[in-house]
Amino acid sequence: MQLRLELFVEAPEQSLSFYRRILGFEIQGPANADYTLLTNDDAVIAINRRSALSSDHPLRIETGEKVGLGVEIVLSVTDIEGAYRKAKESGWPLTDLALQPWGLRDFRLIDPDGYYVRVTSRHTS
């Protein structure tokens, strides 16, 4: 089984830039404004234009409403220092790299549409 996230966003171009530039995802297959598939190792995220949802779709929200409430996207990486350095160099707002009480190191950031993302190490150091 593989998990794929589908994020419905206001401005796909901004989200694609965020996930590619800051978190190292790559476009897989054809890319367009309504749907683009991104991968980074085993992580798969599809970026969808929110306005493409039908008016009766359960995920349909109005512009300005918060998205992603109750969801934390956790990306596990083998090189947490490298991932942190790349994200920090981008200038995007993020937390400091921190050792958590459960033994993993992570940093956190919020994507252009308000989705909460935690980047963490796969293994303790």
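1. In this predicted model, the largest pocket has a volume of about 550 Å³. Its lining is made up of 24 residues, and those closest to the centre of the pocket are Asn 40, Ala 43, Leu 75, Ser 76 and Val 77. The elements that contribute two or more residues to this lining are β4, β5 and α2, and the largest share, 5 residues, is supplied by β5.

2. Strand β5 also belongs to an open sheet of 4 strands, in which the order is β5-β8-β7-β6 and the pairing is mixed. The edges of this sheet are formed by β5 (72-77) and β6 (98-99), each of which pairs on one side only.

3. Within the sheet, β6 and β7 pair in the antiparallel sense over 2 bridges, with Leu 99 having Arg 105 of β7 as its bridge partner. These two strands form a hairpin with 5 residues between them, and in the turn Gly 103 has a positive phi of about 100°.

4. Strand β7 (residues 105-110) is also paired with strand β8 (residues 116-121), in the antiparallel sense and over 5 bridges. In this pairing Phe 107 stands opposite Val 119 of β8, while Arg 108 has Arg 118 of β8 as its bridge partner. Here too the strands form a hairpin with 5 residues between them, and Gly 114 in the turn has a positive phi of about 95°.

5. Helix α2 (residues 80-89) lies across β5, β7 and β8, and runs at about 30° to β7. The buried residues of this helix are Ile 80, Gly 82, Ala 83, Tyr 84 and Ala 87, and they pack against α1 as well as against β5, β7 and β8. Just after α2, Gly 91 takes a positive phi of about 85°.

6. The largest nonpolar core has 24 residues, and those with the most contacts inside it are Tyr 19, Leu 23, Phe 107 and Val 119. Two or more residues are given to this core by each of β1 (4-9), α1 (12-22), β4 (43-49), β5, α2, β7 and β8. Of these core residues, Phe 107 and Val 119 are the pair already noted as standing opposite each other. Leaving out residues up to four places away in sequence, Tyr 19 touches Leu 7, Gly 24, Phe 25, Leu 38, Ile 45, Ile 47, Ile 73, Asp 111, Tyr 115 and Val 117.

7. Is Arg 118 buried or exposed? This arginine, which lies in strand β8, counts as buried because its relative accessibility is 15%, under the cut-off of 20%. Apart from residues up to four places away in sequence, Arg 118 touches Glu 72, Ile 73, Val 74, Leu 75, Trp 102, Asp 106, Phe 107 and Arg 108. Among these contacts is Leu 75, a residue listed above with those closest to the centre of the largest pocket.

8. A second arginine, Arg 20, has its place in helix α1 and counts as partly exposed because its relative accessibility is 41%. When neighbours within four places in sequence are left aside, Arg 20 is in contact with Phe 25, Ile 27, Leu 38 and Lys 86. Among these, Phe 25 and Leu 38 also appear in the contacts of Tyr 19. Arg 20 and Arg 108 are 88 residues apart in sequence, and their C-alpha atoms are 16 Å apart in space.

Definitions and conventions: Residues numbered from 1 in each chain as written. Predicted model: local features only at pLDDT ≥ 70, side-chain atom pairs only at ≥ 80, totals over all residues. Heavy atoms only, no water. Pairing = 2+ DSSP bridges. Contact = heavy atoms within 4.5 Å. Axes fitted to C-alpha atoms, helices over the stretch in contact; angles between N-to-C directions. Core = buried A, V, L, I, M, F, W, Y, C linked by side-chain atoms within 4.5 Å. Buried < 20%, exposed > 50% of the residue type's maximum accessible area, 1.4 Å probe, protein only. 1 Å grid on protein atoms, 1.4 Å probe; cavity = no way out; pocket = protein on both sides within 12 Å on 5 of 7 lines; lining within 4 Å. Points joined across faces, edges and corners; volume = space filled by probe spheres on them.
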